[in-house]
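Open your viewer and get ready to make a few selections. We will take a short walk along some packed helices, one pair at a time.

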Amino acid sequence: MPVLRQYFAGLAAAFGAFCLGASIGWTGPMETPIKSGKAYKFSVSGDSWGWISSMLTFGAACMCIPVGILIAKFGRRLIMLYICIPYLIGWGLILGAQHSAMLYLGRFIIGACGGSFCVMAPVYTTEIAQLSVRGVMGCFFQLLIVHGILYGFIVGAYCDPLVVNILCTILPLLFVLFMFWMPESPVFLAQQGEIEKATKALKWLRGDNMDVAGEITTMIADSKKETASYKEAFSRKVTLKGLGIAIALMLLQQLTGINAILFYVTTIFIQAGTNLSANVSTIIIGVVQVVATIAAILLIEKAGRKLLLLISAIVMGATTLVMGCYFEWLKNKDVGWLPILAISLFIIGFSLGFGPVPWLIMAELFSEDVKPVCGAIVGTSSWLFAFCVTKLFPITLDAIGPSYTFWIFTIFAILGCVFVIFFVPETKNKALDDIQAILSGK
């Protein structure tokens with residue numbers, strides 16, 4: 001089946017998401033050995049660990065816009081392969097760290113590289129997929145990122161810190177091994193005027209006997225359309241309104257607590273004193289996230305965007321409220337199962353709505369000529385918000401305690417419900433012109 005080649009190429013590109021997921025999952029189980037001095041010849045304070053955790057998200061924020069420029073000039077496949085060089089350097093710094101500064105720099109570098117894949121892999125996958133499988137292939141990135149997080153949780157739970165770092169360091173090498181054999185995006189080749197190469201790449205993806213002349217003609221026509229500049233994008237009220245909605249959804253996505261929980265999940269379970277070990281509880285959360293993501297992929301085209309966002313916000317608000325109550329009044333009772341259940345339900349709620357839907361709505365709100373500009377701005381904003389939350393979470397935890405920290409997440413989940421009801425348009429089964437008309441108030 002020719003479509004299998006598209007799946008192989010899409011999964012090869014999305015393996016970059018697996019690498020990023022492993023970098024996120026690494027943080028939870030590695031916190032205790034690094035802070036205690038077991039992992040390295042030095043230990044770090046709680047504040048230093050906050051910087052180590054959050055530097056990944058800061059690095060990702062710094063690369064969303066530059067990598068968009070790079071893949072437009074040099075190609076999707078080529079930059080994905082070259083980005084693995086600094087990726088290996090970053091993990092090398094973590095692997096051989098002699099000082100906390102090496103961990104800061106290493107985490108920043110792998111964050112920058114992992115964040116780059118958030119831009120590169122979806123673009124590449126969209127451009128190689130035929131229409132009938134584009135929806136399925138569009139889910140590869142999210143699927144592999146949650147599998148990567150689970151991988152980080154598992155190796156972190158059962159391996160020594162040195163082995164954990166080695167098992168994460170080899171992932172970029174595996175990416176090169178997979179991606180090396182895949183073709184460049186035919187869309188990029190058409191944009192560069194390399195029509196013969198674009199045809200060859202498309203025939204490899206569609207099947208040697210397939211007629212690709214119509215697709216190539218469309219790609220050539222699309223390549224001649226101009227992308228709007230930042231000035232042009234910001235001069236349209238409908239674009240500004242869409243940008244405000246997209247950025248607000250990304251802000252709420254982070255302020256409801258997802259990255260704080262994922263980055264510090266092992267510590268949360270240690271403080272909660274659950275009946276199971278903290279590492280086993282962490283792995284359970286990773287498995288729940290994988291299953292919930294698969295469920296979300298099956299639901300996202302059947303249910304409305306607003307409905308999924310509302311259900312998501314209600315579930316996250318209820319579960320963070322329960323977590324706050326547990327730490328405030330129930331910690332010494334015989335209900336050690338409650339935090340595991342609450343965090344599992346939180347992950348399910350997030351994965352059904354506020355995980356995938358803000359990214360989907362972002363792609364649907366903007367016209368094609370401003371989508372690259374607005375996409376880069378929204379992506380950068382999302383990672384910056386993630387940086388702030390992951391940095392402030394341990395500080396807030398120490399300053400006001402876990403109960404009030406979780407109740408802050410509850411407040412933002414309630415605000416999320418209000419925002420979705422009054423400001424987010426329903427975009428399911430609506431053409432771009434209809435969505436633009438809704439945003440303009442017509």
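Start with α13 and α21, which are roughly antiparallel to each other (an angle over 145 degrees counts as such). Select helix α21 as residues 402-423: α13 and α21 pack at an angle of about 155°, with their axes 9 Å apart. Axes here are lines fitted to C-alpha atoms over the stretch in contact, and angles run from 0 to 180 degrees between N-to-C directions. Helices are DSSP runs (H or I, at least four residues), numbered from the N terminus.

A word on the model: it is predicted, so local features need pLDDT of at least 70 and side-chain atom pairs count only at pLDDT 80 or more, while totals for chains, interfaces and linings use all residues. Residues are numbered from 1 along each chain as its sequence is written, and side-chain values use heavy atoms, leaving out hydrogens and water.

Next, show side chains. On α13, pick Ile245, Ala248, Leu249, Leu252 and Leu255; they meet Phe409, Phe412, Leu415, Gly416, Phe419 and Phe423 of α21 (contact means heavy atoms within 4.5 Å). This contact has ten nonpolar, one polar and no charged residues.

Now keep α13 (residues 237-255) and add helix α20 (residues 371-400): the two pack at an angle of about 25°, with their axes 9 Å apart. α13 and α20 are therefore roughly parallel to each other (angles under 35 degrees). Residues to highlight in this contact include Leu243, Ile247 and Met250 of α13, and Ile377, Phe385 and Val389 of α20.

How values were computed. Parallel < 35°, antiparallel > 145°, perpendicular 65-115°, else oblique. Nonpolar A, V, L, I, M, F, W, Y, C, P; charged D, E, K, R; others polar.
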